[in-house]
Structure formats: structure tokens, C-alpha cells
Amino acid sequence: MINVTLKDGTVKSFEAGITVYDVAMAISPGLAKNTMAGELNGELVDIRHEIMDDSELNLLKFEDEGGKHAFWHTGSHLLAQAVKRLYPEAKLAIGPAIDNGFYYDIDVDVIITPEIMEKIENKMREIVKEGFEITRFELPRDEALKMVSDEGEIYKEELIENLPEDAIISFYKQGEFTDLCAGPHLKDLKGIKAIKLLSLAGAYWRGDEKNKMLQRIYGISFPKKAELDDYLTKLEEAKKRDHRRLGKELDLFSLQDEGPGFPFFHPKGMIIRNELESFWRQEHQKRGYQEIRTPIILNAELWKRSGHWDHYRENMYFTEIDESSYAVKPMNCPGAMLVYKRTGHSYRELPIKMAELGLVHRHELSGALHGLMRVRNFTQDDAHIYMMPDQIEAEVIKVIELADDIYNVFGFSYKVELSTKPEKAIGSDEVWDKATNALRNALEKKGIEYRINPGDGAFYGPKIDFHLEDSIGRTWQCGTIQLDFQMPERFDLTYIGSDGEKHRPVIVHRTILGSIERFFGILVEHFAGKFPVWLSPVQIMIIPVADAHNEFAQNIADQLIDLGIRAAIDSRGEKLGYRIREAQMQKTPYMLVVGDKEMEGGDLALRIRDSGDVAQISLPDLKEKLLNKIKTKEIGLD
RNA sequence: GCCCUCAUAGCUCAGUAGGUAGAGCACCACCAUGGUAAGGUGGGGGUCUCCGGUUCAAAUCCGGAUGAGGGCUCCA
């Protein structure tokens, strides 16, 4: 007999070899029905897994991440089964569960159209009705290889060949369909009550652009129809927040055919952008940063010296001036190095923190462009910190704190990654280790949770990245802290130490917002266009009831504008309701309707965007309220 | 860059047997002077993304280019 400790602490005894499913069954058939997989001693296991020793077991339902994973993984097998029934010659590549559903990569000569997707979807429902049990079996390597090769599944063959010698090779079978898979999977198909194939895309086999492009079908499934409807509604809601859509509706920015990936900022967008930049300047001045600005075009020699010529050329734009070769800067560092080098430096000055809102141009692949999130020219809120090696940790910690302070003002939550040495790198392993450890120590000291992202560092050093989320849960890298021992060598940067000798400084390259453009895009989505008062292009819209009140309205507007408040008047010959609707749709934080009552000396009627409520307030109180909201950068309006 | 899809008025879209374009919103004018999310009437506005082909005739069919969307790859 073995003891199984459940999540709530109860301990139950079973025969050794009992399955996860049977444990659930022993508690209640209802629970067993809802159990998708198990977490055994912290490890995700199949529902068929046999428990041999005393263990802790958590039964995973659809609500649990691991449960969803199993549910969706089975969804992907179901998708593959349907495809194979419709197109027996199709070759299957991989089909995992992802954060929101599943996909399957398929190699088939037919071009999958939306009509075909519908057919596949229907076939999936048909298969569910057939009610297959799902069974798991293992095969020795040679037998597994023979089986998939007999079936002509060349991609599966390659997958098995790449598995380690001692790997357990498992298969899952449902009806006539068998797939190489590590699992876990559901017990049967009956629980899949709602299926939706969402989109179609190309994807390279094994993610390598040299390989064949396969067709990837994305889908999602749920145990209940209502959950699918819910999910689809949420997707619709998220689309309404899309910064590209809001950018148009609120007239903030645009992208034109004449300059793909080169964004245009409109007057309202510029107000937000300028507020953002001046906030950024304030925060940096407070912390001892000095601002510089370096040229956009610099000669080829410089880029050769910095290493960009060899390591970044495919992303750069070039030009010629007086028969010499020049490049448009893709990064601000080389310019900043020259500013450091303009004079000698003493250890007493270090750390020197030079910040630059630097406009860089990068030739990104056309297919990578995405609204403001991925563009070809953008302004990095860059800074280079020149310091002595023993200052690294303290300075990195300060940058982490600055990032946290700034993100908090907007109410962002973020994820942190530590990226290590890439294949295309300069510098010895030893230096890389030292740099990577310095960053790791800073993170550990701050007690920040982070994920390691192997091989994703810059070519000159490892980095810490801060990722923010967009409206549909995609994350975008914004802040980054990159340690660099290379650039100081290449540019022969020095400082005079207390010993009177020349020493080599270390550099931290860092951004907090990342790029103003990307941060702007995320900001739009984060607030769904309902910016806090300090960022709103129009902070208060004054709406006179009729023409007779225009002068009075203008007087109030003038007083507010005098205080630096962005007040506007809408005295167009439209109905009151119309103008209110318009201001509301423009997501103006406050509206002030003025008419006879106000002119006779009563309080003002202040309408608040988020609630639609109207509050009575005196003009002096209103001024104070607005100034306070602006000063504190408060997000709420009440 | 690669795969699939798409491209009609400032915006959102209709135009599905090829016969030289429509709606709503926005804009302009006039009427209405209205108290918290769309008042009424009238008007202007498109060489149907561009280039080429098929045809008596192309927004519509075919080819190409460009741009956009969803992914892949890459990345702030």
C-alpha cells in the first residue's frame, strides 16, 4: 500500500500502481470526469500515470494550467486526426498546447483555406462524437522509428532521431490515429464540448527559416460551450484595445504606405509623447543622469570600430557623403562612446550616467513590422553608465529600481529575463561569465523573479530584459540592462584611478521604456485609450449649452489654460448630447457643461469619463483637483 | 525575407452571374439654441492601391508590384 497526499492535506492509501484517474475516481466520479492530468510530487503527469510510491498528488482540472495544457494538447491531436482523415497524405510535424489553445504544423500540398478549416473543425466534432478512449504506449527506439517511417511521417522520424538515446518514446492513440507524444493527454475525447479553429499561418519546420514552410493551424477547445463564447468575446474586447485601432480613432499616430514602419505622430499623440518624455527627463535628472544627443548619421569607420559593421549590418541603412561611406545609427552607443572620450575622466567622476533619447533606424524584415510595437525607426530612451568594475552591482540595482519606479506610475506588471551569450558574440567566455554573474547577483539581491533566456544576449554582452504585456497577452521587451566589457576596449575608454594609472571602465547600456514608440503602443492598450489626466491630450472639454454661454465657457477655459491645464471648448452648433458623446468617445477625462445655472453663479457640473457621473464642484476646487491629478499622475479620476 | 489572407470615399463597410460605383459615420451649408452618449434638411467628396494582360466592356477575371493583417524567423 502507498499513501497519497492530496492538495487539501488528506492522505489516502491505495495499492501501489493505482492511476491518477483512479485516485480521482475514489474521491468522486465527478472529480474524475473533470480531472485532466495530475501533478505528482511537483511534476506534470498523465492521468494514466501509475503511482508507485508515497506521493503528493494534485489533481489538475481545466481551471489549472497543467489541466488546460493536457486538454489543449489533446485538442491538437484531435486536429491532426481530422486533418489525416481529410488528407491522408498530409505529414504531421509538431502540435503542442500553447498559452491560449493549441496548434498543429502540417505539411500538405493543399492550401488550407477558411473553408477547409471549417471542414476540419466539423470533422473534429464528428470524431469527438465517436467517443474514442485515448491510450498510451511506449516503443523501443527502432520499433518507434519503423512505425513512423512505415506511415511516411518523415517529420516524426526526424523528431525521434533527435531524441536522446535513453529517452522514453511514447505514443498516444485515439481510434485509428496514433501520434508520437510525451503527453499528458485526456483519458478520452468526450469532454471536448467546444472547438474553434482560430487562424492559419506559415511556420518553418523546427523554426528555422532555411527549412520548409509548413502550414500551422491554431485552435482552441473548451469543456463547455459557454467558455468558448466567453473566450471569443474576450478576444473581441481585446481587439477594441488594439493600439493600431485606437491610434486611428483617437487620432494619435499613423503609419503611411509612403513609409512602412516609419510612424507619424499626430498633434494629440505628440502631447502624450512629450508628457512621457518630460516625465522621463525628470526621473533621470533626479537620479544624476546627464542628457546628451548624438548624430543620426556617422561614418563607416565608427561602425567598424564598434563591431556593428560586422555584427549588425543587415539591419542598418547606409548612405554616402562626399564619396565616403556613412551609416544611419541603429544604436546610440558608438556616439555616446565618443562623448565619453572627448575628455579625460577621473575615478572621482564615476559612475557617469549619460542619457539620450536617441532616434535609431533599423531595417527590420517587412513581415516583422507591427503597428508601433515593431517599427523601423524609433526613439530609444537610452543611457550609458560608465563605471568602475566594483560599481556594477550597485548601479545595476539602481537601474532595476528606476525601471520599477517608472513602470509603477503606469500600473504595469512586468516579467524579467536574463539573456546569456549568443552564438554571434565578441569577447571571451570568461568575460561573459563575469558579466552574466554580475547581472544575476543584482537580480538575486533585489529578490526579483526572473527567467533565463539562453543565447539571447546582445553580441557585446549579457542583458536583463523587462517585458510588458499588450492587450491580448503578447509580451514585448521594453526595458533592458546590458552589460558591456567590449565597447570600452574597442573605443579604448579609460579613467584615471586613485593610483594615478589608466583603467578600463565598464559600461551598462540600458533603456527603461525601451522605445518611446513601443511603450506608447503598450500604453494605449494598457489604458484602452483612457489615459490618466496627466497624459490626456485634452484634459477637460468645456461644453457650453447654447451660444449664449460661449463667452462664459471661454472665460473658464482661459483660466484653466493659464494654469497649464489642457482645456478645450466644443461650441459647435450641435446638441449637447452629441458633443458629450463625442468627448466621451475621444475618452476625454473630464467634461464641463456650462449654461444658465453656472452663469448665475452656481457650482459647475463636472462629468467624469469613467463613471459618467456628474459632480457639482466650484471653479477653485476644480482647478485644484485637476492640478493635483496632473501633479500626482494619478490614474483614477474621482 | 518566408507562408496564407486582404486592399472600394477621411473612417467602417456593401457592391457574389464583367455593363464605367453605394450606405452609415465624418466634413460643409441651412434650420433648430438644445442641460449630460447621435435633432432635421440639403450638399461636396472616390481615375475602386499601382502597373500590365484578357475582353466590345474590368472595382469585378488573370499576372506582377506595393502596402496591410495573422503567424514563422528576427527584435526595443
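**Exercises on two pockets and a loop residue**

In this predicted model, the lining of the second largest pocket comprises, by class, 14 nonpolar, 16 polar and 14 charged residues.

**Exercise 1.** Describe the second largest pocket by its volume, its central residues and the elements that line it.

*Solution.* The volume comes to about 1300 Å³. Among the 44 residues of its lining, those nearest the centre are Tyr312, Met331, Arg362, Glu364 and Lys463. Two or more lining residues come from each of β23, β25 (451–453), β26, β27 and β30 (506–515), and β30 contributes the most, with five.

**Exercise 2.** Work out where the largest pocket lies with respect to the domains.

*Solution.* Begin with the space itself, which is about 1600 Å³; 36 residues line this pocket, and Asp99, Asn100, Ile472, Gly473 and Arg474 are the closest to its centre. Next, consider the elements that each supply at least two lining residues, including α3 (65–86), β14 (194–204) and β27 (475–484), while α7 has the largest share with seven residues. Finally, because domain 2 (68–238) and domain 3 (260–294 + 332–526) both give residues to the lining, the largest pocket lies between them. By class, this lining holds 13 nonpolar, seven polar and 16 charged residues.

**Exercise 3.** Decide whether Leu365 is buried or exposed, and place it in the chain.

*Solution.* Leu365 sits in the loop that runs between β22 (352–361) and β23 (377–387). Its relative accessible area is 63%, and since the cut-off for exposed is over 50%, Leu365 counts as exposed. As a further step, the C-alpha atoms of Leu365 and Glu283 are 34 Å apart, with these positions 82 residues apart along the chain.

Definitions and conventions:
Residues are numbered from 1 along each chain as its sequence is written. Chains are lettered from A and ligands numbered from 1 in the order in which they are written. This is a predicted model: local features need pLDDT of at least 70, side-chain atom pairs count only at pLDDT 80 or more; totals for chains, interfaces and linings use all residues. Side-chain values use heavy atoms; hydrogens and water are left out. Helices (H or I, at least four residues) and strands (E, at least two) are DSSP runs, numbered from the N terminus. Buried means under 20% relative accessible area, exposed over 50%, partly exposed in between (1.4 Å probe, protein chains only). On a 1 Å grid over the protein atoms alone, a cavity is a set of points where a 1.4 Å probe fits but cannot get out, and a pocket is an open set with protein on both sides within 12 Å along at least five of seven lines; lining residues have an atom within 4 Å of a point. Grid points are joined across faces, edges and corners, and a volume is the space filled by probe spheres set on the points. Ala, Val, Leu, Ile, Met, Phe, Trp, Tyr, Cys and Pro count as nonpolar, Asp, Glu, Lys and Arg as charged, and the others, Gly among them, as polar. Domain bounds come from an automatic or database domain assignment.
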